[in-house]
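Hi there,

Here is the structure I promised to pass on to you. Have a look at it first, and then read on for what turned up in it.

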Amino acid sequence: MKIHIRLREILAERGISQRQFALSMNMRIATINHLCSDSVDRVYIRTLEQICTALEITVDQLVVSVEDCSESET
């Protein structure tokens, strides 16, 4: 099982750029870009809370578990 942060998808659905969101959150653009990538290996809970508050969503809408294709093939 893998954990996926849906930030990129949510921002796209709302027509908000990663840069625009980072600036509105007073966060580093690199932080938001990293969270929108598929290579996130750690994140602060407080950061997730701030993102959820700003987007008015719950953490389970932001963070989802997905099946790892390589595991299902074995």
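Before we start, one term: a residue counts as buried when its relative accessible area is under 20%, and as exposed when that area is over 50%. Please also keep in mind that this is a predicted model.

With that cut-off, take Thr47, which is found in helix H4. Is Thr47 buried or exposed? Its relative accessible area is 13%, so Thr47 is buried. Setting aside neighbours within four places in sequence, Thr47 is in contact with Met27 and Leu35. For contrast, try Asp60, which lies in helix H5. Its relative accessible area is 54%, so Asp60 is exposed. Asp60 and Arg6 are 54 residues apart in sequence, yet 9.8 Å apart in space, going from C-alpha to C-alpha.

Now for the whole chain. There are six helices and two strands, and along the sequence they come in the order β-α-α-α-α-α-β-α. The C-alpha trace spans about 45 × 25 × 20 Å along its principal axes. Of the 74 residues, 27% are buried. The chain exposes about 5300 Å², and 50% of this comes from carbon and sulfur atoms. Among contacts with a separation of 6 or more, 61% are between residues 24 or more positions apart. As for charge, the chain has 8 positive and 11 negative charges, and the mean positions of the two groups are 11 Å apart.

Back to H4, which covers residues 45–55. Which residues of H4 are buried? They are Thr47, Leu48, Ile51, Cys52 and Leu55. These residues are on the same side of H4 because they cover an arc of only 135° around the axis. A general point helps here: an α-helix has 3.6 residues a turn, so residues three or four places apart point the same way. On the face of H4 turned away from the buried side, you will find the exposed residues Ile45, Arg46 and Thr53. The buried residues of H4 pack against helices H1, H2, H3 and H5, and also against strand E2. Right after H4 comes Glu56, with a positive phi near 55°.

You can look at H2 in a similar way. Its buried residues are Phe21, Ala22 and Met25. They fall within an arc of 100° when seen down the axis, so they line one face of H2. The face turned away from them carries the exposed residues Arg19, Leu23 and Ser24. What covers the buried residues of H2 includes H1, H3 and H4. Just after H2, Asn26 has a positive phi of about 60°.

Finally, the inside. How many residues does the largest nonpolar core have? It has 17, and those with the most contacts inside it are Leu7, Leu11, Phe21, Ile32, Ile51, Leu55 and Leu62. H1, H2, H3 and H4 each supply at least two residues of this core, and H4 gives the most, with four. Leu7 is a good place to begin exploring. Leaving aside neighbours within four places in sequence, Leu7 is in contact with Phe21, Ile32, Leu35, Cys36, Ile51, Leu55 and Leu62.

Enjoy exploring it!

Best wishes

How values were computed
Residues are numbered from 1 along each chain as its sequence is written. This is a predicted model: local features need pLDDT of at least 70, side-chain atom pairs count only at pLDDT 80 or more; totals for chains, interfaces and linings use all residues. Side-chain values use heavy atoms; hydrogens and water are left out. Buried means under 20% relative accessible area, exposed over 50%, partly exposed in between (1.4 Å probe, protein chains only). Contact means heavy atoms within 4.5 Å. Accessible areas come from the Shrake-Rupley method with a 1.4 Å probe; for residues, only the protein chains shown count as cover. Lys and Arg count as positive and Asp and Glu as negative; His and the chain ends are not counted. The place of a charge is taken as NZ of Lys, CZ of Arg, CG of Asp or CD of Glu. The arc is that of the directions from the helix axis to the C-beta atoms. A nonpolar core is a set of buried Ala, Val, Leu, Ile, Met, Phe, Trp, Tyr and Cys residues joined through side-chain atoms within 4.5 Å.
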